[in-house]
Amino acid sequence: MATSQWWSSESFWRKTAIWVTGGSMVILILLTMDTLPQISAGSKRVPAYSVINHRIEYQLDNTRHVQVPVIGKEEPLFGVKLTEEEAEALVSHGKMTVQAKNCMNCHTLLGNGAYYAPDLTKAWLDQYWGNSDIRETQMVEFIKDPSNKLHNSLNRRMPNLGVTDEEARAVVAFLKWMSAIDTNGFPYNFKSIEQEN
Ligand code: HEC
């Protein structure tokens with residue numbers, strides 16, 4: 001009668017399964033601990049929420065070969081300078097609105113969502129919104145009532161989603177903050193606007 005090999009024993013595989021599961025868990029925890037500080041607001045690539053008090057510019061990073069955000073001069077959203085807490089509250093409200101209205105059904109934000117409509121990750125810096133004097137109000141008006149269509153390239157219209165004025169302003173704050181995130185050159189082919197003066 002053939003004696004069974006050590007590697008075919010049940011207890012060996014049970015122990016292996018326990019060690020592999022435990023080991024993977026430790027690695028996942030370490031990776032999570034490494035990632036969290038890098039994706040939190042106020043870190044190197046993800047700016048603090050009060051960045052919405054500033055102009056967002058872009059410049060080519062020659063070593064990384066991607067466009068990277070540069071936090072420019074003071075240029076508060078809607079002309080009102082906010083504290084970090086106020087800015088966080090506004091940006092969070094915008095993010096909640098985007099989630100509640102399911103904008104991702106058509107748009108992509110930070111790599112998540114659909115490509116039926118334009119990528120919103122850097123929409124704050126879309127040239128269609130005009131100069132810094134009218135940029136935010138144009139965006140608010142568009143989000144509240146997209147029937148006053150601004151873009152022609154897609155030949156698709158955005159439906160009116162019943163976004164209130166307060167929600168639209170918060171969404172714009174969220175979009176401005178998001179545009180300041182260093183996304184490693186994503187979306188591909190993104191070109192910022194010219195911002196003189
Ligand atoms: C049913 C699909 C759909 C949904 C849902 C939708 N959009 Fe749109 N959105 C569009 C389309 C289509 C366009 C392009 C319209 C145009 O060019 O005039 C657009 C354009 C935009 C733009 C201009 C993009 C740019 O490049 O400047 C913004 C900003 C925007 N949408 C924000 C939102 C927000 C915020 C929400 C959620 C509250 C939302 N959209 C939900 C279809 C949608």
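**Notes on the fold: core, helix crossings and a few odd residues**

1. Start with Ile 52. Setting aside anything up to four places away in sequence, Ile 52 touches Leu 77, Leu 82, Ala 87, Val 91, Ala 173, Lys 176 and Trp 177. Keep in mind as you read on that this is a predicted model.

2. Where does Ile 52 fit in? Ile 52 belongs to the largest nonpolar core, which has 29 residues. Along with Val 91, Val 171, Ala 173, Phe 174, Leu 175 and Trp 177, Ile 52 is one of the members that touch the most other members. Three of those names, Val 91, Ala 173 and Trp 177, are also on the contact list of Ile 52. As background, nonpolar side chains tend to be buried together in soluble globular proteins.

3. Which helix gives the most to this core? The helices that each supply at least two core residues are α2 (84-100), α3 (135-144) and α4 (165-179). Of these, α4 gives the most, with nine residues. That makes α4 a handy reference for the next two points.

4. Look at α2 against α4 first. Their axes come within 7 Å and cross at roughly 105°. With that angle inside the 65 to 115 degree band, α2 is therefore roughly perpendicular to α4. On the α2 side the contact is made by Leu 90, Val 91, His 93, Gly 94, Lys 95, Thr 97 and Val 98. From α4 come Glu 167, Ala 170, Val 171, Ala 173, Phe 174 and Trp 177. Val 91, Val 171, Ala 173, Phe 174 and Trp 177 are names you have already met among the core members with the most contacts.

5. Now α3 against α4. Here the axes come within 9 Å, and the crossing angle is roughly 125°. Roughly perpendicular stops at 115 degrees and roughly antiparallel needs over 145, so this pair counts as oblique. The crossing is right-handed. Glu 136, Met 139, Val 140, Ile 143 and Lys 144 are the α3 residues involved, and they meet Asp 165, Ala 168, Arg 169, Val 171 and Val 172 of α4. Val 171 is worth clicking on, as it appears in this contact and also in the one between α2 and α4.

6. Ile 143 deserves its own look. Is this α3 residue buried or exposed? Ile 143 has 23 other C-beta atoms within 10 Å, and the cut-off for buried is 20 or more, so Ile 143 is buried. Leaving aside neighbours within four places in sequence, Ile 143 is in contact with Val 163, Ala 168 and Val 171. If you want a ruler across the model, Ile 143 and Leu 82 are 22 Å apart, C-alpha to C-alpha, with their positions 61 residues apart in sequence. Leu 82, you'll recall, is one of the contacts of Ile 52.

7. On to the domains. The assignment splits the chain into domain 1 (10-39) and domain 2 (49-179). Their centres, taken over C-alpha atoms, are 38 Å apart. Helix α1 covers residues 10-39, which is the range given for domain 1. Ser 24 sits in α1 and, with 10 C-beta neighbours inside 10 Å, counts as exposed. From Ser 24 to Arg 64 is 40 residues in sequence and 32 Å in space, C-alpha to C-alpha.

8. Two asparagines may catch your eye in a backbone plot. Asn 102, in the loop between α2 and β3 (108-109), has a positive phi of about 55° although it is not a glycine. Asn 184 also has a positive phi, of about 65°, and is not a glycine either. Asn 184 lies in the segment after α4. Buried or exposed? Asn 102 counts as exposed, with 11 C-beta neighbours inside 10 Å, and Asn 184 is exposed with 11 as well.

9. Stay in the segment after α4, where Pro 187 lies. A cis peptide bond joins Phe 186 and Pro 187, with omega at about -5°. Ile 193 is in this segment too, and its 18 C-beta neighbours inside 10 Å make it partly exposed. Not counting residues up to four places away, Ile 193 touches Leu 125 and Gln 127. Ile 193 and Leu 28 are 165 residues apart in sequence and 40 Å apart in space, C-alpha to C-alpha.

Technical notes
Residues are numbered from 1 along each chain as its sequence is written. This is a predicted model: local features need pLDDT of at least 70, side-chain atom pairs count only at pLDDT 80 or more; totals for chains, interfaces and linings use all residues. Domain bounds come from an automatic or database domain assignment. A nonpolar core is a set of buried Ala, Val, Leu, Ile, Met, Phe, Trp, Tyr and Cys residues joined through C-beta atoms within 7 Å. A residue is buried if 20 or more other C-beta atoms lie within 10 Å of its own, exposed if 12 or fewer, and partly exposed in between; C-beta atoms are placed from the backbone. Helices (H or I, at least four residues) and strands (E, at least two) are DSSP runs, numbered from the N terminus. Two residues are in contact if their C-beta atoms, placed from the backbone, lie within 7 Å. Axes are lines fitted to C-alpha atoms, for helices over the stretch in contact, and angles run from 0 to 180 degrees between N-to-C directions. Angles under 35 degrees count as roughly parallel, over 145 as roughly antiparallel, 65 to 115 as roughly perpendicular and the rest as oblique. A crossing is left-handed if the near helix is turned anticlockwise from the far one by less than a right angle, and right-handed if clockwise.
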